[in-house]
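Here's a quick briefing to read alongside the structure. Have the viewer open and follow the topics in order.

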Amino acid sequence: RPVGDFTLVNMRVGLENDPSGWDAYLFANNVFNTVGVFAVSTGGTSGGKDLANATMPRTIGIEIRKNF
């Protein structure tokens, strides 16, 4: 079944230090906390009920990496 259009905004900013091999990033996925449905299925496997896959909520975090 067709679903409506929506836009997700993700951001990532970071620092990379090549000589030492350390990287650090701050990220935000789904910055505006958009709720969107990207798939809907009706089917026999769900007892005749409609199932929908929706976007993940806003996620904010840090990532730190070290290359050895």
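What follows covers the sheet, one buried acidic residue and the contacts around aromatic rings.

Keep in mind that this is a predicted model. The centrepiece here is an open sheet of three strands, running in the order S1-S2-S5 with antiparallel pairing. Asp23 sits in strand S2, and Arg12 has its charged end over the ring of Tyr25.

**The sheet**
- S1 (11-17) and S5 (59-66) are the edge strands; each has just a single partner strand, so one side of each is left without a neighbour in the sheet.
- On average, neighbouring strands in this sheet are turned by 10° against each other, if you ignore direction.
- S2 takes in residues 22-29 and pairs with S5 over eight bridges, in the antiparallel sense.
- If you want a spot to zoom in on, look at Leu26, which stands opposite Ile62 in S5.

**Asp23**
- Is Asp23 buried or exposed? Its relative accessible area is 8%, and with buried meaning under 20%, Asp23 counts as buried.
- Setting aside neighbours within four places in sequence, Asp23 is in contact with Leu15, Glu16 and Asn17, and also with Glu63, Ile64, Arg65 and Asn67.

**Rings and charges**
- How many aromatic pairs are there? The count comes to zero.
- Charges over rings do turn up: the charged end of Arg12 is 3.9 Å from the centre of the Tyr25 ring.
- Lys66 lies over the face of Phe68, with 5.8 Å to the ring centre.

Methods
Residues are numbered from 1 along each chain as its sequence is written. This is a predicted model: local features need pLDDT of at least 70, side-chain atom pairs count only at pLDDT 80 or more; totals for chains, interfaces and linings use all residues. Side-chain values use heavy atoms; hydrogens and water are left out. Two strands pair if DSSP finds at least two bridges between them. Helices (H or I, at least four residues) and strands (E, at least two) are DSSP runs, numbered from the N terminus. Axes are lines fitted to C-alpha atoms, for helices over the stretch in contact, and angles run from 0 to 180 degrees between N-to-C directions. Rings of Phe, Tyr and Trp (its six-membered ring) pair if their centres lie within 6.5 Å; planes under 30 degrees apart count as stacked, over 60 as edge-to-face and the rest as tilted. A charge sits over a ring if NZ of Lys or CZ of Arg is within 6 Å of the ring centre and within 35 degrees of the ring normal. Buried means under 20% relative accessible area, exposed over 50%, partly exposed in between (1.4 Å probe, protein chains only). Contact means heavy atoms within 4.5 Å.
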